[in-house]
Amino acid sequence: MVRTGGARRLNVRARAWCSFALLLALVPLVSACPGAVEISPPPNVLLVTIDTLRADHVGVYGYDAAHTPHLDSLAARGVLFENAMASVPITLPSHASLMTGQHPPRHGVRHNGLHRLSDESNTLAEVLADGGYHTGAVVGAVVLAGETGLWQGFAHYDDAGSRLATDESGFLERPAIELSNRALALLRELTEPFFLWVHYYDPHEDWRAPAEWSKRFVGRPYDAEIAYTDAQLGRVLRALESDGRLGRTLVVLTSDHGESLGEHGDRTHSYGLHETTLHVPLVLAGPGIPAGKRVVDVVSLVDLAPTLLTLTGMKPLADASLRASAASRTLRAGGRSG
Ligand SMILES: [Zn+2]
């Protein structure tokens with residue numbers, strides 16, 4: 001069922017300098033720019049989470065061997081946060097933090113499969129839906145199935161249902177090409193303003209990219225999966241551009257956690273709290289967002305939902321973990337970009 005409430009009309013026009021200041025901080029410091037932080041009219045929001053994507057394996061983060069042209073070009077027309085940190089290196093708890101603005105001890109989801117996000121939680125999708133956004137999600141792994149509670153606020157939640165449970169690979173994932181196909185179909189249904197979340201899972205183990213990508217990245221199967229996913233992300237961005245909606249869409253690209261790749265004695269992720277597993281890419285681009293900016297301050301993904309709600313002019317989350325971070329201090333100091 002699609003919610004039909006019209007978009008809330010905003011009566012405050014964005015002031016570029018103040019939006020930029022907020023972006024520098026990536027914190028919900030509305031008080032720093034009273035009454036002048038929304039983007040008007042409210043933009044569409046495309047949130048993309050590429051699972052298991054450590055920042056230093058993305059081209060625009062300085063990894064010359066990467067092939068991530070779409071992610072790189074997104075950063076070129078937006079703001080890149082050089083030091084964004086996930087709350088936890090586990091898929092479901094990290095996405096729960098992203099959606100609620102809370103760290104795991106607050107929202108209560110500490111592991112995949114063992115916990116469920118409470119129906120009492122207040123999520124980014126719920127607030128946007130209440131504010132008139134048409135919402136949809138396409139997720140690529142069974143650990144983010146709707147029953148985990150993440151479907152709160154989404155009128156459409158495409159998790160492939162029980163088919164994932166019978167996947168013969170044992171990793172219970174959907175390939176990026178399928179996710180982009182589903183995202184493109186959903187985009188044809190969603191009227192504006194929309195909030196679409198697309199979750200790609202391919203860079204998660206096991207690393208088995210399609211042959212054309214594996215051949216280009218011999219001996220680097222993780223990078224091959226990233227390159228393949230980037231190409232599929234490009235299909236979604238091109239579709240928005242071709243139908244004229246990209247200019248009205250705030251695009252957010254991040255990841256739920258990184259990957260150890262053997263560092264610190266860990267082949268993958270989940271338990272080691274190192275930069276390899278917590279440092280993720282974070283890029284925002286779209287209307288009202290300055291182009292080509294890089295922010296060096298350390299920011300947390302729990303600040304993302306409150307910031308998106310500020311930029312879209314929505315009410316704040318009911319119980320986000322608002323706190324004075326290093327980034328907020330940067331805002332007060334006028335910002336520090338690299
Ligand atoms: Zn994950």
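1. Strand pairing around β5. In this predicted model, β1 and β5 run parallel and are joined by six bridges. Within that pairing, L46 stands opposite L196 of β5. Strand β3, residues 134-138, also runs parallel to β5, and five bridges join the two. Here G136 is the residue that stands opposite L196 in β5. L196 therefore has L46 opposite it in one pairing and G136 opposite it in another.

2. Burial of β5. Seven of the seven residues in β5 are buried, so the strand is largely enclosed by the rest of the structure. F194, L196, V198 and Y200 point one way from β5, while F195, W197 and H199 point the other way. The residues on both sides, H199 and Y200 among them, are buried.

3. Cis peptide bonds on either side of β5. Most peptide bonds are trans. The bond from E192 to P193 is cis, with omega near -5°. P193 lies in the loop between α6 (176-189) and β5 (194-200). A second cis bond runs from E205 to D206, with omega near 0°. D206 belongs to the loop between β5 and α7 (211-216). The E205 to D206 bond deserves a look in the structure, given its omega near 0°.

4. Positive phi values. Most residues other than glycine have a negative phi. T52 has a phi near 65°, a positive value in a residue other than glycine. T52 sits in the loop between β1 (44-50) and α2. It counts as buried because 27 C-beta neighbours lie inside 10 Å. L261 also has a positive phi, near 55°, and is found in the loop between β6 (249-254) and α9 (275-278). With 15 C-beta neighbours inside 10 Å, L261 counts as partly exposed.

5. T68 and its surroundings. T68 is in the loop between β1 and α2. Is T68 buried or exposed? T68 counts as buried, because it has 26 C-beta neighbours inside 10 Å. Leaving out residues up to four places away in sequence, T68 touches V58, G59, I226, A227 and D230. T68 and L233 are 165 residues apart in sequence, yet their C-alpha atoms are 9.8 Å apart in space.

6. Packing of α2 on α8. The axes of helix α2 (residues 69-76) and helix α8 (residues 221-242) come within 7 Å and cross at roughly 55°. That crossing angle makes α2 oblique to α8. On the α2 side the contact involves P69, H70 and L71; on the α8 side it involves D230, L233, G234 and L237. The residues of this contact divide into four nonpolar, two polar and one charged. D230 of α8 thus appears both in the contact with α2 and among the residues that T68 touches.

7. The protein overall. The protein has 11 helices and nine strands. Of its 338 residues, 54% are buried. Among contacts with a separation of 6 or more, 71% are between residues 24 or more positions apart.

How values were computed. Residues are numbered from 1 along each chain as its sequence is written. This is a predicted model: local features need pLDDT of at least 70, side-chain atom pairs count only at pLDDT 80 or more; totals for chains, interfaces and linings use all residues. Axes are lines fitted to C-alpha atoms, for helices over the stretch in contact, and angles run from 0 to 180 degrees between N-to-C directions. Helices (H or I, at least four residues) and strands (E, at least two) are DSSP runs, numbered from the N terminus. Angles under 35 degrees count as roughly parallel, over 145 as roughly antiparallel, 65 to 115 as roughly perpendicular and the rest as oblique. Two residues are in contact if their C-beta atoms, placed from the backbone, lie within 7 Å. Ala, Val, Leu, Ile, Met, Phe, Trp, Tyr, Cys and Pro count as nonpolar, Asp, Glu, Lys and Arg as charged, and the others, Gly among them, as polar. A residue is buried if 20 or more other C-beta atoms lie within 10 Å of its own, exposed if 12 or fewer, and partly exposed in between; C-beta atoms are placed from the backbone. Two strands pair if DSSP finds at least two bridges between them.
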